[in-house]
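Please look over this protein and follow one part of it at a time. The report below starts with a single helix and then widens the view.

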Amino acid sequence: MKDKTKKPYFFDKEKSGFSIEDFEQISSELFHFSNDTSALTNVLQNNIYLYSSSNDRNNTQFYYIDCNILTKKELEAVHLNIFSEDKAEFYVVKQQKDSAEEYSIKYAKTTPNRIIELDSIPTNSEDEELLNIINKNSIDSGLFWVYYSNELRKVQKTNVRNELVNILTELRVNLSNEINSNDKIPVEKRDEFVQALIDRTLFIKFLEDRHIINSYFYGDNIVYKDILKKDAKEVNQLFTKVHSIFNNNLFDDPTIDDYVLTDGVLKAIINSIEGVKNGQLSLFDLKFDIIPIESISLVYEIFLDEKQRKNGIYYTPPQLTNFITEKTITHKGKIIDSACGSGAFLISAYKRLLQLDNRKFEYVIDKINHRTKLIKDNIFGIEKEEIARRLSVFSLYLSILDDLTVEENHTLKKLLEKENNYPLFHENIGENIICSNTFEPNKFDNEKFDFIVGNPPWKKDFSKEDAFAVLYLKNNESDFSGKSELSQLFQHKAKTWSTESTRYGFVVNTSNYTNEDSKFQDYFYRNFNIENFYEVTNLELFTASEPAIVCIYTNGLKEGNKLTLNVLKSNDFTKLFKKILISEADNIIIAQKDLINSDNQEATPLKTLLVGNTGDNRIVEYLESQKFDKFENYILKDETGKCFIRQGVTIYAKDILPKYFKIPKDEFSKYKASKIQELKELFHIENTSTDKSDAFKYPYLSPKHISNFTFSFKDVKYYLNENISNLRRKGKRENFIDKRILLPRKTDNLRACFLDSNSVENYPSEDVHTIKLNNNNYYLFTGILNSKLSEYFLKLKYWHRAKSGFPRINETAISQIPIPKNKNEELVNQIDELSEKFTKGELLFENKEDEFNELIFNLYGLGIIEKQRINDFFIKEKEKVKTVDLINYAKEVCEYFSDFTKQGINVFYQPYNEQNLVKGVCIVKVYFGERENIYPSSKKVGRHLLLELIKNVSEKNILSLRERIYGKNTIYFIKDNYKSSWSLTKASEDAIEEINKINEFNTKNSNNDKR
């Protein structure tokens, strides 16, 4: 029995920060056993509370269950309900342990057979430090998760979405096997039948779990799985009855004749509905009365085959769709997704409209009619694949019935009992989602929309698969340069549906704004007013094969528009909770006009901004100033005036075989793969050798053979003959002799080597550039090409992701490397001397690399800050921070503050690494005044510091690990455990940012005093 005299910790505002008003009391009817709703409901009566954090950048939710008499079976049922709902990350339940009562903290993202207890705290505990871990400040800020992060890393996590996909994947395979073995079923209808049966099963399970239909509906004390055990005729009669009431076409089209519903087909569905087997959940176990509708859209993922992924189609997770619709949809209006897939964006958009509408209804039928009309009037989609279109419609119908209260579901049930075959949906919303190619004429061509959202296909080469897109590109060729991507066409097409006030929200491949289609980018930046770019690649939210970016924008570029670019970072917590966490500290403000070419200025490429920040951009601007030439001025020109930068030899390509073996092309096209392989091997035998000989004496060099300043013939795959006329890409022999520089085209890091006239003759592969100069300064320029400065410049200007290799270094990029106009002769001689010794093997580059780069930095006139920034740029992406790095960071920050104050105020620091805090988190505490005497032992540091932060955390969100928390005369810098976050460059940036805040505060107060 509960002690009515003692207030639970979670309702004691003085102790916990929570009050009972912070919690929503949840009807116990939502928590029930799969086959018995009464027993568990009675136990939990008036004892279930849900807390939702007010911090919208964290959104942590948890249940508090004020009941200490749950049996193991009842606890598993509670866990299953919370797991199915997929809302709360954890729950707290009272439990009796021996003679004591405890608050048991359970993690919610596991299946019921793997319930994990994070912690247990006696309900009568007076340990303030312990209780503070679960107080309101700790939950809202995310410090709760930081504290338990080590325990969570050991947990085998899952969620209802994963379980649903696993169940439905198995069902799909089993249904496909049965249907494909039935010769009576037309081949072209088989996939459609499989999808329809899954749709119908899910819809009926949804209605059963919400008690909208039950035994009365079937005419006996049975449920859907009992009907399946009878025969095909009864199953089809059930489908007909559901269609007559819910009128949503899912049970009418396609017509599934009785001969399709064999015993094997019905058994496959029954097996998916039956209860737990071998510890695995089934549809029977999952609670469709509380499963998020977005999870059901995941069905699409199991139908995405490899062909569709190659066509650039990727499922968009709810975190991302909700993020985009919230940023895009600002009021009620018409919305379209022109590549809607299974309806992820449309469901999110509909829910956003409901959120903005917020109307209350006395009668549930009025609520359903209103919601149906809201979709009918405002939600529209185009989808090329019929299976995906059906899922879109299916999900929208389910959304109408989503989040009805228990009482409203009961009312619906009574209505259907009273009026047999009462039509529940009076509008056919399926008509709003059409099966069509976006670029072919369709019913929406003359429509206008207020909001356009989506994740269009990321296809680069669509010329063979999509004739409508090719025609659209041709008709709008003035806005494209011939290297367009399919998603760019979708963005272009979207404008035809817009009004002056239309808002757009897309997630697309980043290359839309960074590839070589400068025409589209110019069109985009001139015609739209961009509010935000969010680079989301690092969030690892979905399985796309290349970088992704979210763009929120409107029509018509406004004068002086400044957009915000945020390269969202991933850390242990974003991965753990699949959350999108935005830190304002990562914002970069960009004048949109700077992205546009004009007579007065060359556009700043977006890829530069995605890699670096303002400090990096200043260095690039300096390197492109009048103080510097371009490398192209020092490269030999051919007869056409082009720079002598040549790709090497390509040995083989399939298209050279007919010519080499004199086989007519039409005959060759009929050859089987095995025959072509024979010819390929014969071609290699006649034109290459794996061993060096008099006939084949020229090594074939690939990028792996080239190091900084040197090359090696170790593990050469092929040797070539002097006559290379038969090869795929031949080049001229003179390209590969005399003095030259070799530089890999495809490489993880920039490197080059110099070959003089006496070097062993060789042929570089097509992945290696050969460069010849118009002067004799080969050692100097080889040195510049091997420098950090050149790689830094190229990665910022010509590659859109930092810390990763070049897909290729093209001729343009090489030719634009900056070269000082006025070269200090002494520095040039020193660089020449070292470069020559590296090349001849007299010195090892790795032993003198820092000294060499310092000479290059000085040649280019860089200062201490610029040198440090470039060095820090090359910190390895996943390199872990060490205590010495934290100390150096802290010293640098303190030095800035000491210079700033100049008033005798002492500045001290304390570093906390992950060894004495929690895994994945490091903190530097900077404080002003007298040195603190209390410095806890390493064993106590974790809890001590976290509790200290809880007192000061306010509305901050620690989960972003990019926050500053301010206490009395104290700043806590909180970051992840990567060295790049704690570099000296970051220290100077962080200190300057804090000093600027102080200056702004002082200026504001001074102005107020004057008033």
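## One face of a helix

Start with helix H30. Its buried residues are Ile676, Leu679, Phe683, His684 and Asn687. Seen down the axis of H30, these residues fall within an arc of 140°, so they line one face of the helix. A general rule helps here: an α-helix has 3.6 residues a turn, so residues three or four places apart point the same way.

What lies over the buried residues of H30? The cover includes helix H28 (657–660) and helix H29 (665–668), along with strand E18 (688–689) and strand E20 (719–720). H30 itself runs over residues 673–687, which makes 15 residues. From first C-alpha to last it reaches 21 Å, close to the 21 Å expected at 1.5 Å a residue.

## The whole model

This is a predicted model. The mean pLDDT of the protein is 83, and 85% of the residues reach 70 or more. Two stretches stay under 50. Residues 800–805 are one of them, and the model gives this stretch 23 contacts beyond four places in sequence. Residues 933–939 also stay under 50, with seven such contacts.

The protein has 1011 residues, and 56% of them are buried. It holds 39 helices and 29 strands. Take the contacts between residues at least 6 apart in sequence: 73% of these join residues at least 24 apart.

## Nonpolar cores

In soluble globular proteins, nonpolar side chains tend to be buried together. Here the largest nonpolar core has 97 residues. Which members touch the most other members? They are Phe246 and Leu401. Helix H9 (residues 187–209) gives this core its largest share, ten residues.

Another core lies apart from it, with 49 residues. Its members include Ile741, Leu750, Leu789 and Leu827.

Now go back to Leu401. Leave aside its neighbours within four places in sequence. Leu401 is then in contact with Phe206, Leu207, Arg210 and Ile212. Its other contacts are Ile368, Leu412, Leu424 and Phe425.

## Salt bridges

Side chains of opposite charge can pair when their charged atoms come close. A search of the whole structure finds 36 salt bridges. One of them joins the side chains of Asp86 and Lys109, at 2.7 Å from N to O. Asp86 lies in the loop between helix H3 (72–85) and strand E4 (90–97), while Lys109 lies in the loop between strand E5 (100–107) and strand E6 (116–122), so the pair ties together parts that are 23 residues apart in sequence. Are these two residues buried or exposed? Both Asp86 and Lys109 are buried.

Asp403 forms a salt bridge with Arg371, and their closest N and O atoms are 2.8 Å apart. This pair links distant parts of the chain, 32 residues apart. Asp403 sits in the loop between helix H20 (386–401) and helix H21 (406–418), and Arg371 sits in helix H19 (residues 364–378). Arg371 has a relative accessible area of 7%, so it counts as buried.

Asp377 and Lys373 make a salt bridge too, with closest N and O atoms 2.6 Å apart. Both lie in helix H19, four residues apart, about one turn of the helix. Asp377 is partly exposed, at 35% relative accessibility. Lys373 is partly exposed as well, with a relative accessible area of 43%. Elsewhere, salt bridges that share partners join Asp616, Arg869, Lys986 and Glu989 into one network.

Technical notes: Residues numbered from 1 in each chain as written. Predicted model: local features only at pLDDT ≥ 70, side-chain atom pairs only at ≥ 80, totals over all residues. Heavy atoms only, no water. pLDDT = per-residue confidence, 0-100. Contact = heavy atoms within 4.5 Å. Salt bridge = Lys/Arg side-chain N within 4 Å of Asp/Glu carboxyl O. Helix = DSSP H or I, 4+ residues; strand = E, 2+ residues; numbered from the N terminus. Buried < 20%, exposed > 50% of the residue type's maximum accessible area, 1.4 Å probe, protein only. Expected span 1.5 Å × (residues − 1). Arc of directions from axis to C-beta. Core = buried A, V, L, I, M, F, W, Y, C linked by side-chain atoms within 4.5 Å.
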